[in-house]
Number of protein chains: 2
Amino acid sequence: MKLYSYFRSSAAYRVRIALNFKDVAYETVPIHLQKDGGRHKSAEYRAVNPQMRVPALELPGGEVLVQSLAIINYLEETFPEPALLPPDARSRAHVRAIADIVACDIHPLDNLAPLNYLRDPLKQDQAAVRGWYHHWILEGFAAIEALIKPGPYAFGPAVTLADVCLVPQVANAKRFKVPLDAFPKIIAAEEACQELPAFDKARPENQPDAE
Amino acid sequence: MKLYSYFRSSAAYRVRIALNFKDVAYETVPIHLQKDGGRHKSAEYRAVNPQMRVPALELPGGEVLVQSLAIINYLEETFPEPALLPPDARSRAHVRAIADIVACDIHPLDNLAPLNYLRDPLKQDQAAVRGWYHHWILEGFAAIEALIKPGPYAFGPAVTLADVCLVPQVANAKRFKVPLDAFPKIIAAEEACQELPAFDKARPENQPDAE
């Protein structure tokens, strides 16, 4: 498989964790989101993913899957062990809820495209953009902190999709110096995950395109 | 089951479609997002959903599920027929990708909270907020238009999760007068869905709390 990735993309980071966790071999195809005005906007990459975003996963036959959570669900269905979702439907719903607070209510607002939109055309200065960035993490993390289970991981004794989404979001929060003192459960889950090779290998700084 | 809903919430609209499609009986508990400064922020509702958003689904035993896609996945697993996801993993991934472009890349940016944030503290006027609103729909719909299958529905001859997410997003687009001429496939899928009772019954104007 080929993973079209950018070392700093937290959506690509999720997929890297899931691939590593399930021990699925893949080759990284780096797509730099800032060089040349954004290589994801090239005609070549547009042919891979019409949405012009990373990640995209190319299967051995050439078929391309897009959207990080759709890709991870595909991996879960195709390589069921080790599982990223618990066996019972209610627990799965709780795990997916935590994952979706990250994937729907935090990350899309703090993604590159809306931050650029705030800067231009909306002419917001760096302090305003930073305030926006912090706001959605603080609000989303407050909800997650209330939903998280006793650890070590976000949903208890096993790693789940909740951790796969949470760890890259915590990395972004730290990078942008969001104060995380109010979220001891999130931090404890993140620290437990970072001890696992699947998570460590997926870190931005461990990617072939890291700067 | 009890669905905490707001007639205009497009995330709640998705869950209403899924419940109707699977013929699951439910009672609507209206949570008005604008009256009294937002009834979703009341202590009473916070005890139901710590994230203070709709929808939330209360199961017969009292357990509460949150996040629209987590709820719909729960319904799909618990009431598998009629299915909202195709049987094979690759097709499921394509359906989920369309759903996630709506749920992650369009809707969160045009949700009530970010629009309020643009107005205050960012002091953006109505034209700027409207431009923002249109922008994310136009960009996301362009990607979906390229991914959509020959109809009548978004992923072919059967209704899927893609339609469940797309129809409420089209409703929002129309309400805010987003030009949709460039998306004939999306519009055709939406029109086909609207002929089905499950979709019709879920429309904002057909809710008990409609204004």
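Let me start with the contacts inside chain A: of those with a separation of 6 or more, 68% join residues 24 or more positions apart. Please keep in mind throughout that this is a predicted model.

Staying with chain A, here is the overall build. Its 211 residues include a buried share of 48%. Along the principal axes, the C-alpha atoms occupy a box of roughly 45 × 45 × 30 Å. A compact globule with 211 residues would have a radius of gyration near 17 Å, and chain A has 17 Å, so the two agree.

Next, the secondary structure. Chain A holds nine helices and four strands. Read from the N terminus, the order is β-α-β-α-β-β-α-α-α-α-α-α-α.

Now the domains. How does the domain assignment divide chain A? Domain 1 covers 2-82, and domain 2 covers 89-198. Between the C-alpha centres of these two domains of chain A the distance is 20 Å. Where they touch, domain 1 of chain A contributes 10 residues and domain 2 of chain A contributes 13 residues.

Which helices of chain A each supply at least two residues of the side of domain 1 that touches domain 2? They are helix H1, residues 10-21, and helix H3, residues 68-78. H1(A) gives the largest share of that side, with seven residues. By residue type, the side of domain 1 of chain A that touches domain 2 of chain A has seven nonpolar residues, two polar ones and one charged one.

That leaves the second copy, chain B. A turn of 180°, with a shift of 0.0 Å along the axis, lays chain B on chain A with an RMSD of 0.0 Å. The two copies are therefore related as by a two-fold rotation axis. The same surface is used by both copies, since 100% of the contact residues of chain B recur in chain A.

Which residue of chain B comes closest to the rotation axis? That is Cys104(B), whose C-alpha lies 2.3 Å from the axis.

To recap for anyone new to this structure: chain A is assigned domain 1 and domain 2, H1(A) supplies the largest share of the side of domain 1 that touches domain 2, and chain B is laid on chain A by a turn of 180°.

Definitions and conventions
Residues are numbered from 1 along each chain as its sequence is written. Chains are lettered from A and ligands numbered from 1 in the order in which they are written. This is a predicted model: local features need pLDDT of at least 70, side-chain atom pairs count only at pLDDT 80 or more; totals for chains, interfaces and linings use all residues. Copies are superposed by least squares on the C-alpha atoms of residues with pLDDT of at least 70 in both. Two residues are in contact if their C-beta atoms, placed from the backbone, lie within 7 Å. Domain bounds come from an automatic or database domain assignment. Ala, Val, Leu, Ile, Met, Phe, Trp, Tyr, Cys and Pro count as nonpolar, Asp, Glu, Lys and Arg as charged, and the others, Gly among them, as polar. The radius of gyration is taken over C-alpha atoms; the globule rule is 2.2 Å times the number of residues to the power 0.38. A residue is buried if 20 or more other C-beta atoms lie within 10 Å of its own, exposed if 12 or fewer, and partly exposed in between; C-beta atoms are placed from the backbone.
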